[in-house]
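Me: I should like a close look at a single part of this structure. Please take one buried tyrosine in a strand, describe its surroundings, and then the sheet and the helix beside it.

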Amino acid sequence: LVWVITFHPRDTQSMAVVCEDNTPILQQGQSIKALTYNVQYMAGKNYVFHYNLPNDAGPDERPSAKDITATLAEVARIICDEDPDFILLQEVDDGSKRTDNEDQLARLLPLLPDEYKCHTSAFYWKADFVPHPRIMGAIGHKLSIISKYQFDDATRYQLPINDTDLLTKQFSPKRAILQVRLPVEDGADFLLLSTHLEVANRGPEIKQQEIAKLDEVLRVIDQEGNPWLLGGDFNLLPPGGYDLLWDGQHVNFREVSEIEPLYNNYDVFPGPMEVAGDNPENWFTMFINDPSVPELDRTVDFFFYSDVLTLNNAYVRNEDTLAISDHLPVIAEFMLPYPHQIVITRIGTFTALFI
């Protein structure tokens, strides 16, 4: 019975894609804009949920239907104002008791302009019933990617799963990477990826395993010669972020962040120049639902990107987003390469990219 009511994804599997026939195709050298946003299942910021405090001590178990509707409208407002080509969303509920069993992506899409013609999703927490005393019902939690441009396929990659006891593991999240492949006119396909890594208090071993899996996936894409962009909620601090945390918040993090291999191997925003600069608060992306923390104090949402992409502009939208989610949206604008800009030389298992 436990097996039947819980989620057992394969290591790699194709995801369904919804894409209209008249969707435009990306062009070589074109400018693109992406937004990554953990929308906290459209709950808003009026709550301290049970999992927000140690020992599940938070008082709240779900948002009200009114707050969900208001937050959906606010997320749509931000998207419409930013007008990104690609939207990467984390923590989108679909079939959860706490959000009235609704498909939140289905509610969001009609609030967006008609240009968003393609979308796909991948569950990373799903069960018909979770016997947690603060849940006691169904859970459906997914990554979603929305695009103005055509993509041919979508793939879900399973991330390592926390090594808990066998029964608990069945009801726990199975975190993942969601990848879409977008054709480029007369050019190499562009790969867009989104993820949401394990929460901070699960320990360094699972975080290291997740980062190793991400690195493996990105290395394969690089070897194939495709430009790529990865965005999401990593639940990890950037190098130097440990010292910026509010008092009492260090217990769940390591001074040397597990994210450092990605920082060392790939281009990233917010990057070292931002988070180690004079005003690191400009790049904070999370305002946790903990009354003991009165302001943003951490960066945990990032874009990592191929070195054949040119970063033109990037920022955290922090002026009018503090009441929408416990995360802030991160926006970045890039230029796609021309094919002649990418020269791939393989020496054994090593791939060098020259521009």
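Reply: Contact here means heavy atoms within 4.5 Å. Leaving aside neighbours within four places in sequence, Y124 is in contact with F7, Q90, E91, H141, K142, L143, R156, P173, K174, R175, A176 and H196. The model is predicted: local features need pLDDT of at least 70 and side-chain atom pairs pLDDT 80 or more, while totals for chains, interfaces and linings use all residues. Residues are numbered from 1 along each chain as its sequence is written, and side-chain values use heavy atoms, with hydrogens and water left out.

Y124 belongs to strand 6, residues 118-130; strands (E, at least two residues) and helices (H or I, at least four) are DSSP runs numbered from the N terminus. Y124 counts as buried because its relative accessibility is 1%, where buried means under 20% relative accessible area, exposed over 50% and partly exposed in between, with a 1.4 Å probe and protein chains only. The side chain of Y124 also makes a polar contact with the side chain of H196, at 2.7 Å. A polar contact is a pair of N or O atoms within 3.5 Å; within protein, one must be able to donate a hydrogen and the other to accept it, and residues adjacent in sequence count only if both atoms are side-chain atoms.

Strand 6 pairs with strand 7 (residues 137-147) in the antiparallel sense over 10 bridges; two strands pair if DSSP finds at least two bridges between them. Within this pairing, S121 has S144 of strand 7 as its bridge partner. Both strands belong to an open, mixed sheet of 7 strands in the order 2-6-7-5-4-15-14. Strand 2 (17-19) and strand 14 (310-316) are the edge strands, each pairing on one side only. On average, neighbouring strands of this sheet are turned by 15° against each other, direction ignored.

Helix 2 (residues 65-82) packs on the sheet and touches strand 4 (31-38), strand 5 (86-93), strand 14 and strand 15 (330-335). The direction of helix 2 makes about 165° with that of strand 4; axes are lines fitted to C-alpha atoms, for helices over the stretch in contact, and angles run from 0 to 180 degrees between N-to-C directions. The buried residues of helix 2 are D67, I68, T71, L72, V75, A76, I78, I79 and E82. These buried residues pack against strand 4, strand 5, helix 3 (104-108), strand 14 and strand 15. Just after helix 2, D83 takes a positive phi of about 55°.
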